[in-house]
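Please open the model in your viewer and keep the sequence at hand, since the tour moves from one selection to the next.

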Amino acid sequence: MAGAFNTNKRRRSLLSWFGIRDVFYLAVLVLVWLASGFTGKVKRGLKEIFAPEPVVITADEEDIRRQIESRLRAEMEEQLDREIEAMKMAAAEKEAAEAADAMKPEPAIELTPDSVTDVRKLRSGIPFKSEVKFDKGGIASVERVDDDSYTAFYQLSLRVPTPAKTMAELEKTSPDLAKILPGLPALIGKAEVSPWFHKLYENKVARIRRDAHSLNELLTKHNVYDCETILNLRTPAGRPVFFMQAEMDVVSDGSDGDRLPVMPDAIVNSTHYQPFTSYGWKKSGPTPNPMVAGWEKRLAGGERELADPATTAERKAWLRDRITYLKRGIDDLKARSFLIAEYDPFIVIPVNLLTSRDTFAPKVGDYAVVVHEGKIYPGIVGDGGPTFKVGEASLRMAREINEKSSPYSRPVSDLKVSYLVFPGSRNPERGPPDFVQWRDRCAELLGEIGGLGEGFKLHVWEDLLKKPEPPPESQAPAADAQPDTP
């Protein structure tokens, strides 16, 4: 994903300040963490997502739990890979610098009170202002026990935005919105700001506060300011409508053996690709999901390592959890089908909305319409995303908006995309995507808010994949049929 779960550049490591011995110790700590702490992190991540409301788990929430657990694991493993690689690079750079410095003569140093000020941007886009001050002190044996002799002060400032509430504010970033949806101004005039807008920014602030205190990688400035507004609207007939204005990042998850029996080896063998989406249905065809092969390969590797007497107890504990997760995932891939982001048009909504009882909160399968620069795209809510960011859609929809889109390149960076979701509109039973039916239903729902303006029409999606074969009909004779006589 670019942005969601999206483009990640390697951050600059502070390890360049450490010595080689310090790097070695840190490497040992990372490996210990990998062996003993990973299971707990996944469980804490899931607990954080689903902790707010102790309710009975529905089938929808089981889908979302599976998808989020898979995403959490992949993100943590990917982050660990990046940090280990950065650590190796920092150690090599430090060694080279020390070798070069050893060839230079030692200059005489005369310390005088001084200060150095520097302003630069962090990788996350946050301007970083630093000042280093030097003062003359007393003898070292005194200064080393004085807490004030060597200190650092760090302050992070963030202005939390207010939601756009009027058509004039919405059309600052999305001109002609009233022409595209002529019934929208009347609805906006009676709209209320959704509490989910404030909850979104509460989640962002909580995450920034947590990461800032531990000097972890912070949310980028782009992902902090990714939502212009979330409004609760009602149609003249009283139907709730969820309206959001945001950017668009890309999600590239999903798999379905019935419609796409072959996928590239790079995806099948990837430990980061997520084969599940929150929207799934009972598998109908005999062709296996192509992702099963990669998961079974990882399962076999885990079982071999678990049986190895040389494997540590801590590592075995992690492996048991991993094996349980892989087996459950394989069972799901064999029994169910999912949307495929590269071929199916859908949007992503934060999981805390998908599991909420709020009348205005979208649910998996609800019909949705995306509006961008005079184009209107029908789709559904197909997946769940993080609770601290919004504005994601499938790779299929992203590429229709911007052909240069990829899992690592978002189609729209500005807050120019309008998302309308019609809560409660989902079909009673799930099944493979039917783009004609999706478009017809979205047209009906748009009609309830005044329809489209003159000259505008809903996009027509072409189905790029074959439909699953229907199950063979029973060959048993009808009840009133007479059996053949010998």
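A residue counts as buried when its relative accessible area is under 20%. The model is a predicted one, and the first selection applies that cut-off.

Select Gly-385, which lies in strand β10, a strand that covers residues 375-385. With a relative accessible area of 1%, Gly-385 is buried. Now add Pro-350 to the selection: although Gly-385 and Pro-350 are 35 residues apart along the chain, their C-alpha atoms are separated by 4.5 Å.

Go next to strand β12, residues 412-421, and pick out Ser-418 within that strand. Is Ser-418 buried or exposed? Its relative accessibility is 0%, so Ser-418 counts as buried. To see what surrounds Ser-418, set aside the neighbours within four places in sequence and display its remaining contacts, which are Ser-174 and Leu-177, then Phe-243, Met-244 and Gln-245, and finally Val-369, Val-370 and Val-371.

For the last stop, select two helices, α11 (residues 291-307) and α12 (residues 313-335), which pack with their axes 9 Å apart and at an angle of about 155°. Because angles over 145 degrees count as roughly antiparallel, α11 and α12 are described as roughly antiparallel to each other. If you turn the view so that one helix lies in front of the other, the crossing of α11 and α12 to look for is a left-handed one. Colouring the residues by class in the contact of α11 with α12 gives eleven nonpolar, two polar and ten charged residues.

Conventions
Residues are numbered from 1 along each chain as its sequence is written. This is a predicted model: local features need pLDDT of at least 70, side-chain atom pairs count only at pLDDT 80 or more; totals for chains, interfaces and linings use all residues. Side-chain values use heavy atoms; hydrogens and water are left out. Helices (H or I, at least four residues) and strands (E, at least two) are DSSP runs, numbered from the N terminus. Buried means under 20% relative accessible area, exposed over 50%, partly exposed in between (1.4 Å probe, protein chains only). Axes are lines fitted to C-alpha atoms, for helices over the stretch in contact, and angles run from 0 to 180 degrees between N-to-C directions. Angles under 35 degrees count as roughly parallel, over 145 as roughly antiparallel, 65 to 115 as roughly perpendicular and the rest as oblique. A crossing is left-handed if the near helix is turned anticlockwise from the far one by less than a right angle, and right-handed if clockwise. Ala, Val, Leu, Ile, Met, Phe, Trp, Tyr, Cys and Pro count as nonpolar, Asp, Glu, Lys and Arg as charged, and the others, Gly among them, as polar. Contact means heavy atoms within 4.5 Å.
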